[in-house]
Amino acid sequence: MAETTVAEVMAELAALEDPKARVVNERHGDDHGVNLGKLRAVAKRLKTQQELARGLWATGDTAARLLALLICRPKAFARDELDAMLREARAPKVHDWLVNYVVKKNPHAEELRLAWFADPDPVVASAGWALTTERVAKQPAGLDLPGLLDVVEAEMKGAPDRLQWAMNHCLAQIGIEHPEHRARALDIGERLEVLKDYPTSPGCTSPFAPTWINEMVRRQHQP
């Protein structure tokens, strides 16, 4: 089969552009108009193509970058390459997919977690917190959970939105997964009131940490 070119894929993405989808996406800070279901269908057809993924990422186009993250080989990226990609990824969906679909599966994930966690750029730091939350849930050995709660308690209230959201997720995850720290996590959430009034759709769990923790613990103990 002939290699698909970046130009061919960009033309296909342009044809999928939907003004209504763009309006919805732009409300969330994502500057593209491609329905994500259709984007995933393109990715399924293209399968894994690492060089095409790199070419699509280099365009700087948000839809192209999302597609690149779906067709890339996560373990093929070097540490410095992923660091540069994260610093370029300003659209929230690109940032989230890069961290969740690529960095978490890369052998440099822990090294990047430590580097990003302390970064002065709050968007980069939010990626470090997201990777830390993953470890809280799946591989907590070696993490200083009381120390993480200290940082959340001191800094979450005044943190910029993206970083605050990531810190709040970490707080909730500690409370959900680690009963010995649950009372303190609930107390911090109640006192700081971060995301307490966040609009939540019917049937969804509020991101307000105490509500989130209590609901997930309740589900764990359901027969």
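Where is Gln49 found? In this predicted model, Gln49 sits in the loop between helix 3 and helix 4. You might wonder whether a loop residue has to stick out, so let's check this one. Gln49 counts as buried because its relative accessibility is 12%, and the cut-off for buried is under 20%. Now look for Pro120 as well. Gln49 and Pro120 are 71 residues apart in sequence, and their C-alpha atoms are 34 Å apart in space.

Stay in that loop for a moment and find Lys47, which also lies between helix 3 and helix 4. Is Lys47 buried or exposed? Lys47 counts as exposed because its relative accessibility is 59%, and exposed means over 50%. Its backbone is worth a look too: phi of Lys47 is near 60°, a positive value in a residue other than glycine. Leu195 is another case of this, with phi near 65°, again positive in a residue other than glycine. You'll find Leu195 in the loop between helix 12 (182-192) and helix 13 (209-220). With a relative accessible area of 17%, Leu195 is buried.

Next, head to helix 5, which covers residues 62-71 and holds Arg65. Arg65 counts as buried because its relative accessibility is just 11%. So what is around Arg65? Once you set aside neighbours within four places in sequence, Arg65 is in contact with Leu56, Trp57, Gly60, Glu88 and Val94. Trp57 deserves a second look here. The side chain of Arg65 reaches the backbone oxygen of Trp57 at 2.9 Å. Arg65 also lies over the face of Trp57, at 4.2 Å from the ring centre. While we're on rings, how many aromatic pairs does a search of the whole structure find? The search turns up 3 of them.

Now for the inside of the protein. In soluble globular proteins, nonpolar side chains tend to be buried together. Here, the largest nonpolar core has 37 residues, and Leu67 and Leu98 have the most contacts inside it. Many helices chip in: helix 1 (6-16), helix 3 (36-46), helix 4 (50-58), helix 5, helix 6 (79-88), helix 7 (92-102), helix 8 (109-117) and helix 9 (122-138) each give at least two residues to this core. Helix 5 supplies the largest share, 7 residues. There is also a second, separate core of 27 residues, and among its members are Ala125, Leu148, Leu171 and Val194.

Let's zoom in on Leu98. Not counting residues up to four places away in sequence, Leu98 touches Trp57, Leu69, Leu82, Met85, Leu86, Ala89 and Val103. Leu98 is one of the buried residues of helix 7, along with Pro92, Val94, His95, Trp97, Val99 and Val102. Which helices do these buried residues pack against? They pack against helix 3, helix 4, helix 5, helix 6, helix 9 and helix 11.

That brings us to helix 9. Helix 9 has 17 residues and reaches 24 Å from its first C-alpha to its last, close to the 24 Å expected at 1.5 Å a residue. At its start, a side-chain oxygen of Asp121 reaches to within 2.9 Å of the backbone nitrogen of Val123. Helix 9 is mostly covered, with 12 of its 17 residues buried. Among the buried ones are Val123, Ala125, Gly128, Trp129, Leu131, Thr132 and Arg135. What covers them? The cover for the buried residues of helix 9 includes helix 6, helix 7, helix 8, helix 10 (145-155) and helix 11 (161-177).

To finish, step over to Arg113 in helix 8. Arg113 is buried, with a relative accessible area of 8%. Its side chain makes a polar contact with the side chain of Glu110 at 2.8 Å. The side chain of Arg113 also makes a polar contact with the side chain of Thr132, at 3.0 Å. Leaving aside neighbours within four places in sequence, Arg113 is in contact with Gly128, Leu131, Thr132, Arg135 and Leu143. You have met some of these already: Gly128, Leu131, Thr132 and Arg135 are buried residues of helix 9.

Key:
Residues are numbered from 1 along each chain as its sequence is written. This is a predicted model: local features need pLDDT of at least 70, side-chain atom pairs count only at pLDDT 80 or more; totals for chains, interfaces and linings use all residues. Side-chain values use heavy atoms; hydrogens and water are left out. Helices (H or I, at least four residues) and strands (E, at least two) are DSSP runs, numbered from the N terminus. Buried means under 20% relative accessible area, exposed over 50%, partly exposed in between (1.4 Å probe, protein chains only). A polar contact is a pair of N or O atoms within 3.5 Å; within protein, one must be able to donate a hydrogen and the other to accept it, and residues adjacent in sequence count only if both atoms are side-chain atoms. Contact means heavy atoms within 4.5 Å. Rings of Phe, Tyr and Trp (its six-membered ring) pair if their centres lie within 6.5 Å; planes under 30 degrees apart count as stacked, over 60 as edge-to-face and the rest as tilted. A charge sits over a ring if NZ of Lys or CZ of Arg is within 6 Å of the ring centre and within 35 degrees of the ring normal. A nonpolar core is a set of buried Ala, Val, Leu, Ile, Met, Phe, Trp, Tyr and Cys residues joined through side-chain atoms within 4.5 Å. The expected span of a helix is 1.5 Å times one less than its number of residues.
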